[in-house]
Amino acid sequence: RVSVDGDTAAANEALLTDLQRGVTSIELEGSNLGADRLAAVLDGVLLDLAPVALRTTDDGVDAARALLELVAEADIAPASYVADLGCDPIGALARGGALAHPIDEAMVRVAGLAAEVAQTHPLVRVVRADGTIFAEAGASPALELATIVAAGVAYLRSLTNAGLDADTALDSMLLTVSVGTDQFGDICKLRALRVLWGRVAEVLGVGEQPATVQAVTNTAVLTVRDPWVNMLRTTIGCFAGAVGGADVITVTPFDAQLGDPDQLGRRVARNTQLALMEESHMHRVTDPGGGSWYVEHLTDELADRAWAEFQGIERAGGMIAALRTGEVQGRIAAQWDDLRSQVATRTRPITGVSEFANLDEALPERPGHRPAVLHDAGVEVTPLPVRRLAEEYERLRDRAAAATAEPQVFLANLGPVATHTARASWARNFFEAGGIRAIGNDGYDDDDTLAAAFADSGCPLAVLCSSDAVYEQRAATAAAQLRRAGAARIYLAGHPGDRRE
């Protein structure tokens with residue numbers, strides 16, 4: 001995937017490098033996908049060999065026509081040309097809040113384009129139903145699947161109203177789903193999507209017609225802090241996409257949240273796919289999870305929940321109506337609050353951020369970070385935010401880093417290492433997740449030595465760390481000594497039970 005909103009020469013160089021080193025198709029994203037810019041970005045690309053996909057911040061019709069004009073100028077036979085034009089006005093409306101054309105008009109424009117393309121370019125898919133927009137706002141897997149199906153059904157209605165038959169309308173669709181760090185959950189999500197879409201085709205009276213599915217690694221799980229761990233996160237997502245049966249997989253570079261990915265970021269993203277394909281032969285097995293009771297059960301369970309969510313959207317009048325009333329946004333907000341609570345209490349840990357934070361890390365620098373495109377005025381619906389699980393912890397880290405003096409806490413370890421190490425490690429993770437450095441030690445056998453060490457440390461805070469048995473004997477007296485030594489606040493790692501007061 002390459003953004004075309006920045007330096008076109010750099011974008012062209014990046015995608016040519018990707019194509020020369022193993023990538024088999026490219027996706028161009030941006031708000032400015034006019035003919036001249038597309039021509040510059042695609043200079044040197046063999047359009048008949050490298051399928052192009054588009055992702056825009058509007059209905060996508062103008063960009064799609066610009067790409068087809070380039071194809072015509074390249075004298076490529078229309079009947080053999082393969083591409084995904086990526087027209088998704090519903091997704092663009094949900095992300096930005098408004099379009100250049102009102103949504104009803106945009107739907108007619110897309111349907112008209114699809115009717116034209118079906119006559120001239122039978123292998124070109126025109127419409128994208130994109131669940132990643134909803135997943136990045138906090139939607140659960142079931143709701144993400146429901147939004148894909150609901151948007152897809154809205155497009156199918158529009159396409160058939162424009163004169164396309166059901167088979168052709170289904171052929172015009174690309175379904176895009178996010179994959180993150182829940183390996184089995186994401187495998188089942190892709191399998192459930194095919195079940196759901198098969199049900200839609202069945203209702204339309206169409207025989208078995210497999211959906212074309214794109215899996216994209218979810219940016220919501222990526223971090224700015226300790227970005228190297230993102231390589232593991234995207235590898236899990238890529239693996240899940242392959243095992244789940246995605247036709248196209250897009251791996252986000254590990255440094256994408258820092259700005260424009262550099263050559264290392266793009267190379268690792270590219271080679272993640274190539275290694276799984278060429279060395280692990282992930283593409284040679286059809287439905288590796290098929291027959292596994294766990295995978296089959298989880299797939300069916302997820303499909304049932306997603307279908308119920310989809311029916312709720314349909315009862316609200318369909319996808320566009322549900323966006324207008326805020327039904328979808330409200331459901332996503334509630335699910336995000338639940339997810340945010342899990343992250344905030346560290347029941348859903350984030351390695352390198354809420355667990356094992358590295359306060360001495362030097363972040364790689366990347367230029368040109370672009371915020372999401374949001375419309376400030378004239379919105380037609382409430383736009384969905386772009387959220388990341390780690391962002392609130394990272395704000396705490398930024399605040400701590402900007403402080404005049406580094407915030408610190410003294411680990412008041414009681415007794416030998418074997419006694420206090422578990423809770424001392426927990427406390428270190430807890431405080432350093434917020435940028436508060438934990439000053440450690442090997443433990444203290446008496447309270448006077450503990451208080452003297454605390455006073456020498458210069459820390460304003462202290463946290464008692466030891467076993468329940470030691471707390472029973474020493475917690476109260478140690479706390480009193482620390483208070484006399486100047487501790488502004490004293491914590492205790494664990495639950496003191498009857499001695500809480």
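Guide: A nonpolar core is a set of buried Ala, Val, Leu, Ile, Met, Phe, Trp, Tyr and Cys residues joined through side-chain atoms within 4.5 Å; buried means under 20% relative accessible area (exposed over 50%; 1.4 Å probe, protein chains only). The model is predicted, with local features needing pLDDT of at least 70 and side-chain atom pairs 80 or more, while totals for chains, interfaces and linings use all residues. Residues are numbered from 1 along each chain, and side-chain values use heavy atoms, without hydrogens or water.

Visitor: Which helix gives the largest share of the largest nonpolar core?
Guide: This core has 105 residues, and Leu28, Ile90 and Phe134 have the most contacts inside it. Its largest share is 13 residues, from residues 141-161, a helix (DSSP run of H or I, at least four residues). That is H7.

Visitor: Which residues does Ile90 contact beyond four places in sequence?
Guide: Contact means heavy atoms within 4.5 Å. The partners of Ile90 are Ile103, Met107, Ala151, Ala154, Tyr155, Met319, Ile320 and Leu323.

Visitor: How many residues are in the other core, apart from the largest one?
Guide: Its members include Val409, Ala424, Tyr471 and Ala478. The count for this core is 26 residues.

Visitor: Which strands stand at the edges of the open four-stranded sheet?
Guide: Its strands (DSSP runs of E, at least two residues) pair in parallel in the order E10-E9-E11-E12; pairing takes at least two bridges. Two of them have a single partner strand each, so one side of each lacks a neighbour in the sheet. These are E10 (437-439) and E12 (489-492).

Visitor: Over how many bridges do E9 and E11 pair?
Guide: E9 covers residues 408-413 and E11 residues 461-465. Asn413 stands opposite Cys465 in E11. The parallel pairing of E9 and E11 runs over five bridges.
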